Each structure stands twice: as C-alpha cells, then as structure tokens.
Amino acid sequence: MEKKPPFLCRNPHTLNTWRDRELYSLRMQRNREKMERDKTELHQNQFKRKLRVCVATCNRADYSKLAPIMFGIKADSDDFELDVVVLGSHLIDDYWNTFRMIEQDNFDIDSKLHTIVRGEDEAAMVESVGLALVKLPDVLQRLRPDILIVHGDRFDALALATAAALMNIRILHLEGGEVSGTIDDSIRHAISKLAHYHACCTRMAEQHLIAMCEDHTRILLAGCPSYDKLLLTHRKDDYMDIIKSWLGDKVQDRDYIVALQHPVTTDIQHSIKIYGLMLDALLSFNKKTLILFPNIDAGSKEMVRVMRKKGIEQHPNFRAVKHIPFEQFIQLVCHAGCMIGNSSCGVREAGAFGTPVINLGTRQTGRETGENVLHVRDADTHNKIYHALELQFGKRYPCSKIYGDGSAVPRILKFLRSIDLDEPLQKTFCFPPVKESISQDIDHILETQSALAVDLGGTNLRVAIVCMRGNILKKYTENNPRTFEDRMRLILKMCEDAVQDAVSINCRILGVGVSTGGRVNPQEGVVLHSTKLIQEWSCVNLRTPISDALHLPVWVDNDGNCAALAEKKFGHGKGVENFVTVITGTGIGGGIIHHYELIHGSTFCAAELGHIMVSLEGPECSCGSRGCVEAYASGMALQREAKMLHDEDLLKVEGMDMKFCEPITAAHLINAARMGNSKAEAVLHKASTALGVGIVNILHVVNPSLVILSGVLASFYQEPVQHVINQRALKSAQTIKVVTSHLEEPALLGAASMVLDYATRRTY
C-alpha cells in the first residue's frame, strides 16, 4: 500500500505536538490560497476581452500598407478579432477585381461594398463618397468593431472615417501628417481630425500632427508597414523570372523603366498634358517600359485616352498593365533602371532600394525624399523629361529608410493593445501645439537616435554606436585585415552585429558614417587613393556594399575631415564659424571648417595639412616629396629620429627607464627631451617649428579664428606651436588661439556626426 505524506494522512486532532498542528494549518492555508488564485485566473481567461479590429481597404495601393498589419492581427488571435471590409476600386472589373488578392491571402472578407460611381470626374468622386456613406452604416452596425483602421488620403477613406466617427467607433489613421501638395493633403488632414489614434511614418509627419493640435499621447511613430515586407522580400533569387514574365525574355536587370502617373484632381488638364509629355519622352528614350494604368481619380479616363492615342499598348517597348501583385511589383521597382511618374511609391518604397526616380509635377512636392528622387516640378516640355531620364537612368543611390525600418507592424500591434476602451471616446485637442513629441509606444520613448560609426585605421578597425549627444554607447575593435576581401567581410560583419546589438540597448540606427585614411570622394562614397598604412584600399566603393547589406544610408570621408566634423558638433569648434583641426598622430592630417561647412576642394584633397612643404630640402615624406610637415612632426618622423639617436647611443639619459629590446617610439624621444637630452630637445624643437610654420601658412591662407590640435601628440605641440604663431604670423593672425581637443575618439565621433547631422535634417 502506498505510503501517504504524514500531514495529509493524519487527522489534525491526532497530531501530538503544537508544532505539528501549526505546520498542518499552514499547509492547508497555502492550498486554499492556490485554489483561489487558479480559480480567479481561469475566470479572467474565460472573460478576456479581445479587441475587435476592422480593417477597411479601398484599392491595391492601400492594401499593400494594410496587409502586413492584417497578417499580424490574424496571427495574434488571443488579443484580436479581425474583420475585413472591401470597397472602392477593389471591386471594379477594369481594375482586375483586386479583392481576389485579399482572398488569396486567406483573409475572410466580411463585407464587399460597391461604392464607385463611374465617370472619373469630380462629380463622380463626390457621388462615390456619398454612396459609401449610404452603405457603410449598415456594415459598421453589424460588425460593431472596437476600432477601425483607415489608411491614407483617398476619398473612399474619408467616407470611412466620417461614418465611423459619427457612429462613435474609434479610428486609427495610418500615414497621417504627411504633405504631398494636392487635394490629397486636404483629405488626409480631414481624416486625421476625425481619427482618435495615429500611426505615422516619419518624424516630420509626427510633428505635423502635433502642430495640428492632435494629442501627442495618441500618436505612434511606427514607420510604413509596407517596409516590413519589402525590406525582407525584395532581394529574392527569382527576380529575373518575375521581370521576364512582365517584360519579356530579352530584358536585363536595371535596363528597363517603371512608369506610374496619376491625375492631379486640382489641375486635371495640366496633369493630362504632363502625362502625354512623359509618354513622348519614354518613346524617344527607347527603353523597355512597364507602364501601369492611372488610379480611378478624376482625369484618369482622359489619361488612358492619351495613352491609347499614342499606341502605347501595342508598342513593342511597352507593357501596359492595370495591376501587379505587390510582391512582384517590389522586385520590378527594386531592379528597374529608373522609375518615373508621380506615384507615392517613387518617393517612398523606391528609396529603400536606391532606385533612381523622376517625380513629375506637383503631386508629391511636399513629400520627404531620399537622394534617389529628381523632381521635375515644371514638366512642361518633352526635352526636360528626356534630359531627366538621361541623368537618372541606370544610376544607383544609397538605400534610404526615411519611411521605415521594417518594424512598423510590431509597434502598431503593441499600440493597439495599449488602447483603453474605457477611456472617453470624445477627442481632445491640444492648444497650443506641443513642442516636443512623446510617442505612446514605450520603445520610442526609450529609443535613442544613434549612428553607426566606422573608423578604418592602419592597425585597427573599429565600429561604434554613437548617440546624438556624442556618447559612445558600444564599441567594437578588431585588427584591420591586410586584404580587401577580408576587410570588407569584417566591416559588414561588425556593422551587422552592431545593428543587432542596437536593438537590445534601445537605439535606432539612422545611418552609417565611415572614417578612413586616404583621399575620399564623399559624394560617391569612394576611397580614391589610400595611405601606405592601409593596403588594397584604392578605388574602393564603400557606400554601396554597406548600404545594400544594412538598408541604411552611408556617408564616407577622410579621417582628418571627420576629426574636424567631430570638433564642429561635439568639441571646441561647436558654434565656431571658421576653424582648423590638425591631427598629430602617426601622420599629420586635418580638416578645415569655413562658414560652418567642411572644405573638400575640387579634387577632394583640401586640408592635406601634413603635406604642406616647409622646406625645399627636408627629409623624405611618405607622399614621395620632401620637406613636408609630416616628414618632421608626425609620430613616424619622431620615431625615425628616436631610432637614429638610439642606434648612436645618444637617446638614453641617466634616470630614463628603458627596457631591453623595447621598441623605440616617439614617446622615448619626448621623455628623453624632458629629462634634459639636448639631442632629443633639438629634434623636437625642429619638429615643433615645422608644424608651427605649417599652421602659420594655413592661417595666412584661410584665416580661421581657432586652431584645434588633435591626436596623441597634441598636448606636447600646443605650447610651441602657439609660440611659433606669435613669432612668425602676421600681426592680425597672432591672436588666433591654439587649443587641444578634449575628444577621445574624434574619428568615430566625426563619422557619426555625418549621419546625425544629415539624417536628422532629412527627418528620418
């Protein structure tokens, strides 16, 4: 027979001792408390309230933004119930009945509303809004959603928001606060005023919503949901099969054009004219072109007539289509030689691939854009558009993530879970506008806007995460490989590791800044000529591989220029209009800030301060010339002189600590001079004078108000250089001060400043 535990098999009245009875009583009390807790949790789980979310989609474009959210809601059935309402051009035969792609994605459509009144003119748009308002109340009354998700700026969406607001249904508006420049702005902002919650894509859009007196606690800076999908799927191996299925077997990667032009409802006749000029330019340009039909706005019928009059549908260079599945459209845009038109896809999604874009007319004038977009706002001639095609076709730009980083859907789902259905439904407006935006999402409250900084030195390769204040939050250091392939492989790996680690410390990486030795073309992100310390490092394109791997914008510059930028943002040069930074390390370099801007020069060799000649017959320099400042005052030059003194047994003095077989460095020379070695003093005096004379030459050429010495030898050189200036400079330049930098990592901070200044100015 099984033996029972002692306190469960015995009657409590038979327990002999006081301690036995107390333990028994405590055990029974704990069992009762556990049963009560289990009962309470079971009761709560049985009556847990799921959030009923209705997603309404009007056309193929807004479905590409809503679909990732719909998939996320459907996957989280414990927290959400999903209803899908389809209306607008989804249900029109001429537009391929695109509601079928929603069914193919395995979504159950709860209601299909035929709301489009055909006519494609202004009156038809108004009638379509009215028809939608007649039909929507029955659907919303039946579904009774807790919240309705509405996207963008279409007239169908305005009808949805109006109906929901009047029926006391909470509204989450996607992509509010943006500016484009047409009637879409008015519709978009009207929907924002009706909406209770907002999920916007950019920091500027968030600020616009706040300026519109929206409650900042109900605004989420999420990014564009379509980026969650396109950043994951656009690099498919079968992209050539997709391209050939739409454009034929002979077409090549980046050798075709994607064209998509919509009518501007506030100036229909002008937009029709631009459309005709675009088609003429494309015919003349003679490249394979995939052209999509315009949307259903007023004026689209006339644009289609223009296209057919020019024979575009029968032309061998053109393929005219009404619909392309979003996943395939991503591939086609990603690998196009150029995209032309006025679709928001050109200024939004195309930037994520670096695809060149020509934006025609005013429809997207106010949008935030990456470097890839060339605006032809006054597209009044065929030649102007043709010239834009010549400039843009076949180019490649850094990948831009202005509109998202691929994590919008998790943020939106978290935001939805945080909505309190018991709080008052009535909207409140904030007057006057709040100055600082505080997002509802906890990740954005804690996230720190940061840059990824890369420093390529002769010995080490370093990567750091740097925040807006110049604090290095995390740093990685490896030996710099000797070969190009190993070096690039290590750079990408270190950057990818840093990007992953940034998530764990709540940092949002805005871009990558690279500081490297040698002469650099910062406009193209190319190292033109390297120093002797870094092998296999000439004619190297750094921007493209890093940008493609990380999907981030990339900036590249010379390490001396980066040191000047670091001083400008974080050091002594902050707020100074004109100053010079001189790096005194292994070599001599620097950067010049003039009128608050960095000077690069016509061939990118401005501020090669180490190669200012101060003697016609001086020692040989690493550049091949003689008498350069670097040949006298650099760490390598001082090390050379120290070795010569050591070989002649003239370096060491009494009391000087020097270990046997210890490598001789510049530090030994300085120590010897400080201990009274006259030979060492003479070498350092000549080096200081050479550096001082070089800086005097700089003062007489660019006339800065400040000289900042940076690097390991800066503190040693400060006083003698100031003395040379006082002795040899023109009287008006003798008052210029020489200071030493307090920045510990000028190269990394300068690389980061390129990102932080430019990316925040562009409003990422």
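**Exercise 1. Is Y403 buried or exposed, and what is its relative accessible area?**

Solution. The model is a predicted one, in which local features need pLDDT of at least 70 and side-chain atom pairs count only at pLDDT 80 or more, whereas totals for chains, interfaces and linings use all residues. Residues are numbered from 1 along each chain as its sequence is written, and side-chain values use heavy atoms, with hydrogens and water left out.

Step 1: locate the residue, which lies in the loop between α14 (382-392) and α15; helices (H or I, at least four residues) and strands (E, at least two) are DSSP runs, numbered from the N terminus.

Step 2: apply the classes, in which buried means under 20% relative accessible area, exposed over 50%, and partly exposed in between (1.4 Å probe, protein chains only). Y403 has a relative accessible area of 2%, so the residue is buried.

Step 3: look for a partner far along the chain; the C-alpha atoms of Y403 and Y227 are separated by 7.8 Å, although their positions lie 176 residues apart in the numbering.

**Exercise 2. Describe the overall make-up of the protein.**

Solution. Step 1: count the elements, of which there are 25 helices and 26 strands.

Step 2: take the extent of the C-alpha trace, which spans about 105 × 100 × 55 Å along its principal axes, and the share of buried residues, which is 54% of the 764 residues.

Step 3: list the domains, whose bounds come from an automatic or database domain assignment: domain 1 (51-223), domain 2 (234-392), domain 3 (441-570) and domain 4 (572-742). The C-alpha centres of domain 2 and domain 3 are 35 Å apart.

**Exercise 3. Characterise the second largest pocket and its lining.**

Solution. Step 1: fix the term, since on a 1 Å grid over the protein atoms alone a pocket is an open set of points where a 1.4 Å probe fits, with protein on both sides within 12 Å along at least five of seven lines, and lining residues have an atom within 4 Å of a point.

Step 2: state the volume, which is about 980 Å³, a volume being the space filled by probe spheres set on grid points that are joined across faces, edges and corners.

Step 3: examine the lining, which has 49 residues, with N59, R60, A61, D62 and S64 nearest the centre of the pocket. Elements that give two or more residues to this lining include α2 (60-75), α5 (155-166) and α12 (326-334), and α2 supplies the largest share, 7 residues.

Step 4: sort the lining by chemistry into 17 nonpolar, 14 polar and 18 charged residues, where Ala, Val, Leu, Ile, Met, Phe, Trp, Tyr, Cys and Pro count as nonpolar, Asp, Glu, Lys and Arg as charged, and the others, Gly among them, as polar. At least three lining residues come from each of domain 1 (51-223) and domain 2 (234-392).

**Exercise 4. Classify two aromatic pairs and compare their settings.**

Solution. Step 1: set the criteria, by which rings of Phe, Tyr and Trp (its six-membered ring) pair if their centres lie within 6.5 Å, with planes under 30 degrees apart counted as stacked, over 60 as edge-to-face and the rest as tilted. The whole structure holds 6 aromatic pairs.

Step 2: take Y197 and F415, whose rings are 6.1 Å apart centre to centre with 85 degrees between the planes, an edge-to-face pair. Y197 belongs to strand β6 (residues 197-200) and F415 to helix α15 (residues 408-417), so that the pair links parts of the chain 218 residues apart. Both Y197 and F415 are buried.

Step 3: take F484 and W537, whose ring centres are 6.2 Å apart and whose planes meet at 45 degrees, so this pair is tilted. F484 is partly exposed at 31% relative accessibility, whereas W537 is buried with a relative accessible area of 1%.

**Exercise 5. Which two residues other than glycine have phi near 45 and near 65 degrees?**

Solution. Step 1: most residues other than glycine have a negative phi.

Step 2: R144 has a positive phi near 45 degrees; R144 lies in the loop between α4 (122-143) and β4 (147-151) and is exposed at 56% relative accessibility.

Step 3: E175 has a positive phi near 65 degrees; E175 lies in the loop between β5 (170-174) and α6 and is buried at 6% relative accessibility.
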